[in-house]
Amino acid sequence: MSTYESIIKELEPYNATLVAVSKTKPNQEIQKIYNLGQRDFGENRVQEMIDKHEALPKDIKWHLIGHLQSKKVKNIISFVDYIHSVDSFSLLDEIEKRAQKEERKINILLQIKIAEEDSKYGFDFNELFENLELSKYESLSINGVMGMATFTENIDQVREEFRLLKSYFNLLKEKYFYDKESFTEISMGMSGDYKIALDEGSTMVRIGSLIFGERE
Ligand SMILES: *Cc1c(COP(=O)(O)O)cnc(C)c1O
């Protein structure tokens, strides 16, 4: 069994979605995983995702997982399926505007800061919690939250951060999404920490190097 297939088996009891993170990997490598049945692929750069979308089968669902500049939203709005990395109100506004024009419903996740490092993008939870104006976003399907744990060997810390994200999800659900059946996703867990993430309630794992091999 390939690593890919064993990950798929591992995810089954959790009912979690695998986003195969194909950034920096060539199309033929992606096609191989596609041929095994994978349809959800994650990229962190806009231009790379556009090029791959053009070259590869059209039933692939493209997930943008990396930081998105507002000015680039228009370049992906016609085909992107999921944006995990929505980390500001101005970006929400821009995606809403472009989605309306395109008459597309876009799936998005609110990226929230959970790591101790400053460098990670994401909403400050309190700012998000106090100021989200849900009624502005008719063209968005806000499906949940996304977060990245601190890059550390300290498993307890990673677990605490994933728990924090889960608690943020619950608070948002209670305040804003209690009547929305689509608010179900917690995108957390990568190659190094996805087992912990699944334990803590992840519904979407974003796994790259474990499937495709280390990146250069
Ligand atoms: C690259 C990346 C991943 C996958 O990382 P791996 O360690 O290769 O599994 C997941 N999420 C985000 C946001 C990434 O940029």
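Which residues surround the ligand? In this predicted model, the ligand is surrounded by Val 21, Lys 23, Ile 65, Met 148, Met 190, Ser 191, Arg 206, Ile 207, Gly 208, Ser 209 and Arg 215. Sorted by character, the shell around the ligand divides into 5 nonpolar, 3 polar and 3 charged residues.

Let us look at some of the atoms facing the ligand. Ser 191 places a polar side-chain atom 2.5 Å from an oxygen atom of the ligand. Gly 208 takes part through its backbone, with an N or O atom 2.8 Å from a ligand oxygen. For Ser 209, too, a backbone N or O atom lies 2.8 Å from an oxygen atom of the ligand. Taken on its own, the ligand has 390 Å² of accessible area, and the protein covers 90% of that.

Ser 209 deserves a second look. This residue lies in helix α9. While its backbone lies 2.8 Å from a ligand oxygen, the side chain of Ser 209 makes a polar contact of 3.3 Å with the side chain of Ser 191. If you set aside neighbours within four places in sequence, Ser 209 is in contact with Ser 191, Glu 214 and Arg 215. Arg 215 and Ser 191 are also among the residues around the ligand.

Now travel to the start of the chain. Which residues of helix α1 are buried? In this helix, residues 3-11, they are Tyr 4, Ile 7 and Leu 11. These three lie on the same side of α1, because they cover an arc of only 60° around the axis. What covers them includes β1 (17-21) and α2 (27-35), together with α8 (194-199), β8 (204-207) and α9 (209-212). So α9, the helix that holds Ser 209, is also part of the cover over the buried residues of α1.

One of the other covering elements, α8, is a good next stop. Ala 197 is found in this helix, and it is buried, with a relative accessible area of 0%. Not counting residues up to four places away in sequence, Ala 197 touches Phe 162, Met 188, Gly 189 and Ser 202. For a sense of scale, Ala 197 and Ile 186 are 11 residues apart in sequence and 9.4 Å apart in space, C-alpha to C-alpha.

Strand β5 offers another buried position. Gln 111 lies in this strand, and at 5% relative accessibility it counts as buried. Beyond its neighbours up to four places away in sequence, Gln 111 touches His 84, Ser 85, Val 86, Asp 87, Tyr 121, Gly 122, Phe 123, Met 146 and Met 148. Met 148 will be familiar, as it is one of the residues that surround the ligand.

Are the loops buried or exposed at the positions picked out here? Phe 79, in the loop between α4 (73-76) and β4 (82-86), is buried, with a relative accessible area of 12%. With neighbours within four places left aside, Phe 79 is in contact with Met 49, Ile 50, His 53, Trp 62 and Arg 104. Glu 130 is 51 residues from Phe 79 in sequence and 31 Å from it in space, C-alpha to C-alpha.

Ser 139 sits in the loop between α6 (125-131) and β6 (140-146). It is buried, with a relative accessible area of 11%. Residues up to four places away aside, Ser 139 touches Glu 96, Ala 99, Gln 100, Arg 104, Lys 105 and Ile 106. Arg 104 is also in contact with Phe 79. Ser 139 and Lys 97 are 42 residues apart in sequence, while their C-alpha atoms are 8.2 Å apart in space.

Two further loop residues round off the tour, and here the backbone is what to look at. Asn 15 has a positive phi of about 60° although it is not a glycine. It lies in the loop between α1 and β1 and is exposed, with a relative accessible area of 70%. Glu 103 has a phi near 55°, a positive value in a residue other than glycine. Its place is the loop between α5 (89-102) and β5 (106-111), where Glu 103 counts as exposed at 73% relative accessibility.

Technical notes
Residues are numbered from 1 along each chain as its sequence is written. This is a predicted model: local features need pLDDT of at least 70, side-chain atom pairs count only at pLDDT 80 or more; totals for chains, interfaces and linings use all residues. Side-chain values use heavy atoms; hydrogens and water are left out. Buried means under 20% relative accessible area, exposed over 50%, partly exposed in between (1.4 Å probe, protein chains only). Helices (H or I, at least four residues) and strands (E, at least two) are DSSP runs, numbered from the N terminus. The arc is that of the directions from the helix axis to the C-beta atoms. Contact means heavy atoms within 4.5 Å. A residue is near a molecule or strand if one of its heavy atoms lies within 4 Å of it. A polar contact is a pair of N or O atoms within 3.5 Å; within protein, one must be able to donate a hydrogen and the other to accept it, and residues adjacent in sequence count only if both atoms are side-chain atoms. Accessible areas come from the Shrake-Rupley method with a 1.4 Å probe; for residues, only the protein chains shown count as cover. Ala, Val, Leu, Ile, Met, Phe, Trp, Tyr, Cys and Pro count as nonpolar, Asp, Glu, Lys and Arg as charged, and the others, Gly among them, as polar.
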